[in-house]
Amino acid sequence: MDTTAISPLTPLGVIPDLKNATSVPFNETACENWKEIHHLVFHVANICFAAGLVIPTTLNLHMIFLRGLLTVGCALFIIWATLYRCALDIMIWNSVFLVVNLLHFIYLVYKRRPIKIEKELSSLYKRMFEPLHVPPELFQRLTGQFCNIQTLKTGQAYAAEDKTSVDDRLSILLKGKMKVSYRGHFLHNIYPCAFIDSPEFRSTQMNRGEKFQVTIIADDNCKFLCWSRERLTYFLETEPFLYEIFKYLIGKDITNKLYSLNDPTLNDKASKKIDRQPSLCSQLSVMQMRNSMASTSDSEDGLQMFLRGTSSSSSLRNNQHEFCNAYGVSHLQHDAFC
């Protein structure tokens with residue numbers, strides 16, 4: 001069907017000459033004859049695009065595969081546009097897409113690189129943090145910026161009772177063994193992959209400026225990982241997942257220390273040969289800590305009461321009977337403890 005072309009500039013009231021008008025086909029832009037199929041390179045490029053877009057997001061490396069296939073597809077489009085189509089615009093646009101996808105691909109591969117953890121920290125990571133699904137890169141950030149590895153020789157003190165401030169640091173023992181005592185009475189040992197001062201760290205979250213209530217001495221050549229408390233606290237505030245991990249680990253460590261008060265030789269085969277019974281101070285301390293936490297609505301308040309201590313060792317001996325009655329100890333337990 002043909003129509004007559006009328007100029008839009010024809011003045012009103014003038015009748016156009018329909019006889020001499022040029023007829024223009026209505027379907028001038030319609031495809032009457034399809035061109036031949038493009039080269040195989042063109043189709044392979046589109047297959048790469050399609051394959052990249054249908055990769056399920058549940059696949060662990062789906063973004064790497066997506067960017068990789070898009071990069072290959074753009075490279076094939078450049079080859080097709082240059083060698084077979086001779087289209088400069090297609091080549092330029094796909095060159096831009098190629099650069100963008102290639103940069104994304106390199107970045108994603110770099111993020112998936114294997115993280116090398118220091119040999120001294122590998123056992124700590126595998127034992128404490130890896131079972132809780134802490135990524136190696138997050139553990140590396142935790143241990144690489146605001147902490148250092150320190151050493152103590154046998155007999156050197158990590159903390160002195162009523163002298164050392166608890167506000168400065170938080171440490172995990174990496175190697176060796178430490179001994180904890182209260183006013184000369186042995187309480188328990190600290191072994192590798194355990195916090196050294198977790199009770200103090202938890203209790204002084206509410207009250208600053210306090211001193212250690214116990215003495216911690218290296219019973220062997222020790223090596224420990226030490227964090228700056230202030231910087232660690234700030235870092236944990238920016239990492240909610242790691243903050244929850246630390247809360248769990250510190251709580252678990254305090255529980256282990258609580259149970260070790262009843263058995264100072266727990267997990268130490270060498271010290272089982274030494275004929276040493278739990279001291280009276282340690283027995284009363286574990287009773288005090290357990291009952292304080294049981295009778296207090298806030299467990300942190302009970303822990304704080306325990307860490308602050310009640311009185312000197314002489315007053316503990318003078319008030320043995322009162323302690324046993326106050327915490328509801330049976331007659332058999334009264335004879336054993338008091």
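The following legends describe close-up views of a predicted model.

**Figure 1. Overview of the predicted protein.** The protein has 338 residues, of which 38% are buried. Its secondary structure consists of 13 helices and 10 strands. Among contacts with a separation of 6 or more, 71% join residues that lie 24 or more positions apart. The protein exposes about 21300 Å², and carbon and sulfur atoms contribute 57% of that area.

**Figure 2. The largest nonpolar core of the protein.** In soluble globular proteins, nonpolar side chains tend to be buried together. The largest nonpolar core of this model contains 28 residues. Within this core, L124, F129, W227, L242 and F246 have the most contacts. At least two core residues are supplied by each of the helices α4 (119–129), α5 (136–144), α7 (229–238) and α8 (240–260), and by each of the strands β5 (169–175) and β10 (222–228). Helix α8 gives the largest share, with six residues. Apart from this core lies another one, made of 21 residues, including L187, I216, A218 and F224.

**Figure 3. The surroundings of F129.** Which residues are in contact with F129, once its neighbours within four places in sequence are left aside? They are L124, V134, F139, L142, I245, F246 and L249. Two of these partners, L124 and F246, are listed with F129 among the residues that have the most contacts inside the largest core.

**Figure 4. The two faces of helix α4.** The buried residues in α4 are L121, L124, Y125, M128 and F129. These residues lie on the same side of α4 because they cover an arc of only 100° around the axis. The face turned away from this buried side carries K119, K126 and R127, which are exposed. The buried residues of α4 pack against two helices, α5 and α8, and against the strands β3 (147–152), β5, β8 (194–195) and β10.

**Figure 5. The position of N256.** N256 is located in helix α8, the helix that supplies the largest share of the largest nonpolar core. Is N256 buried, partly exposed or exposed? Its relative accessibility is 44%, so N256 counts as partly exposed, given that this class lies between under 20% for buried and over 50% for exposed. N256 and A194 are 62 residues apart along the chain, and their C-alpha atoms are separated by 9.3 Å.

Notes. Residues numbered from 1 in each chain as written. Predicted model: local features only at pLDDT ≥ 70, side-chain atom pairs only at ≥ 80, totals over all residues. Heavy atoms only, no water. Core = buried A, V, L, I, M, F, W, Y, C linked by side-chain atoms within 4.5 Å. Buried < 20%, exposed > 50% of the residue type's maximum accessible area, 1.4 Å probe, protein only. Helix = DSSP H or I, 4+ residues; strand = E, 2+ residues; numbered from the N terminus. Contact = heavy atoms within 4.5 Å. Arc of directions from axis to C-beta. Areas by Shrake-Rupley, 256 points an atom, 1.4 Å probe, with all protein chains shown as cover.
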